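Below are some comments on the model you sent, arranged as numbered points. They deal with the metal site, the ligand surroundings and the empty space.

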Amino acid sequence: MNAKNSVQTKPRHEQLGLSETAVVDMYKYMVLARKFDERCLLLQRAGKINFHVSGIGQESTQIAAAFALDRERDYFLPYYRDYGFVLSVGMTLKELMLSAFAKADDPNSGGRQMPGHFGSKRLRIVTGSSPVTTQVPHAVGVALSAKMQKKDIVSFVTFGEGSSNQGDFHEGLNFAGVQKLPVIFLCENNQYAISVPIKKQLGGKVSDRALGYGFPGIRVDGNDPLEVYRVVKEARERAVRGEGPTLIEAMMYRLSPHSTSDNDLAYRTKEEVDENWKKDGLPRMKTYLMECGLWSEEQEAALAEEIKQELKLAIDEAERASFPNPEDTLLHVYANDGEGQ
Ligand SMILES: Cc1ncc(C[n+]2csc(CCOP(=O)(O)OP(=O)(O)O)c2C)c(N)n1
Ligand SMILES: [Mg+2]
């Protein structure tokens, strides 16, 4: 990612129609998501929260995608590593911490699902479930509804490359292709499905599968937020023009273990992980912004301090909040008054 292709040309974000504020905001969300994630790993090790599934290494794609969508109107079906995405569409640190601490006021599930199982009526984040890939046909259903109601919105769904081998993926993509639905399928290919490396998961490219369903499939460097932004923006424009779905495969690397219950060095080497840290999108974006004169070390330090304070506040509030009542266990499981509020 170079700031300028040549002396004469405009910086890349300007070529893409991104304002200076927007491109700086993208980076701020990248740092916010990273710091949130690192803190959750520490909170889990300290015994304060039970479990965390990290999105470290995937933030560049998640945040760029959010910026390319209509964050006020589109529908979102993110998966469990998408902290960067949900923060970018308006979920607050406090809401995420209430979820991490499994508290009653967690807007995602009232503290009843694992953290990372996002859901927010306010933010049009459709609630997800633990069986991977179920969100894909759900997203297709949302897109069908948008088409029937002639709304110029899209449904956006993410999933891992391991999940792209589930039947739900193929059924969802086929139906979306037949009906030319306004849906964007984003595969966050982090090269592992728990302990199974990409070589043992896929004989070809995930993006090539789109051909069989009759719509474009694009592979992109997931550590290059401006490129991801470009591709998702184009996919959105196609979708609202009525030209149907797009499958995007963003290449990245899962820099953390699968979850806090996993020891990744049982199946991959430290050298391999270290090698992939060199491709991390965060320092790349920082360098880009500095080359454009939009960012400085002073701003970096101020941002880090600001996030530290915000995290402290969110953690204090989440720690003090109440756990769900045991008698509310079946709330939202069976139909009852007041559901879906
Ligand atoms: C249907 C189903 N099968 C298995 C699992 C257990 N499981 C949870 S995450 C995961 C790996 C998914 O890999 P991938 O789709 O590449 O996503 P990643 O975790 O790498 O982001 C598996 C097998 C599950 N949750 N649901
Ligand atoms: Mg994966």
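1. A residue is called buried here when its relative accessible area is under 20%, computed with a 1.4 Å probe on the protein chains only. By that criterion Asn-190 and Tyr-192 are both buried, and it should be kept in mind throughout that the model is a predicted one.

2. Asn-190 and Tyr-192 also belong to the metal site, where the protein donors of the magnesium ion (ligand 2) are Asn-190 through OD1, Tyr-192 through O, and Glu-161 through OE, the last being listed twice. These protein donors lie 2.1 to 2.6 Å from the ion, and along the sequence the donor residues follow the spacing E-x28-N-x1-Y.

3. As for the geometry of the site, the arrangement around the magnesium ion (ligand 2) is irregular, because the angles subtended by its six donor atoms run from 51 to 173 degrees.

4. Tyr-192 appears again in the surroundings of ligand 1, which comprise 16 residues, with Tyr-79, Tyr-80, Arg-81, Ser-163 and Tyr-192 as the closest. In the side chain of Tyr-80, an N or O atom is 2.7 Å from an oxygen atom of ligand 1, and for the side chain of Arg-81 the corresponding distance to an oxygen atom of ligand 1 is 2.7 Å. Val-132 contributes through its backbone, an N or O atom of which lies 3.0 Å from a nitrogen atom of ligand 1.

5. Tyr-80, Arg-81 and Val-132 return in the second largest pocket, where they are, together with Ile-194 and His-258, the residues nearest the centre among the 20 that line it. This pocket holds about 300 Å³ of space, and its lining is made up of nine nonpolar, eight polar and three charged residues.

6. Turning to enclosed space, a search of the whole structure gives three cavities of 30 Å³ or more, and the largest cavity has a volume of about 140 Å³. Of the 15 residues lining this largest cavity, Pro-78, Tyr-79, Tyr-80, Ser-129 and Gln-135 are the closest to its centre. Its lining contains six nonpolar and nine polar residues, and no charged ones.

Notes: Residues are numbered from 1 along each chain as its sequence is written. Chains are lettered from A and ligands numbered from 1 in the order in which they are written. This is a predicted model: local features need pLDDT of at least 70, side-chain atom pairs count only at pLDDT 80 or more; totals for chains, interfaces and linings use all residues. Side-chain values use heavy atoms; hydrogens and water are left out. On a 1 Å grid over the protein atoms alone, a cavity is a set of points where a 1.4 Å probe fits but cannot get out, and a pocket is an open set with protein on both sides within 12 Å along at least five of seven lines; lining residues have an atom within 4 Å of a point. Grid points are joined across faces, edges and corners, and a volume is the space filled by probe spheres set on the points. Ala, Val, Leu, Ile, Met, Phe, Trp, Tyr, Cys and Pro count as nonpolar, Asp, Glu, Lys and Arg as charged, and the others, Gly among them, as polar. Donors are N, O and S atoms within 2.8 Å of the metal (3.2 Å for Na, K and Ca); water is not among the atoms, so sites may look incomplete. Four donors count as tetrahedral if all angles lie between 85 and 135 degrees; four count as square planar and six as octahedral if opposite donors are over 155 degrees apart and all others between 65 and 115; anything else is irregular. Buried means under 20% relative accessible area, exposed over 50%, partly exposed in between (1.4 Å probe, protein chains only). A residue is near a molecule or strand if one of its heavy atoms lies within 4 Å of it. A polar contact is a pair of N or O atoms within 3.5 Å; within protein, one must be able to donate a hydrogen and the other to accept it, and residues adjacent in sequence count only if both atoms are side-chain atoms.
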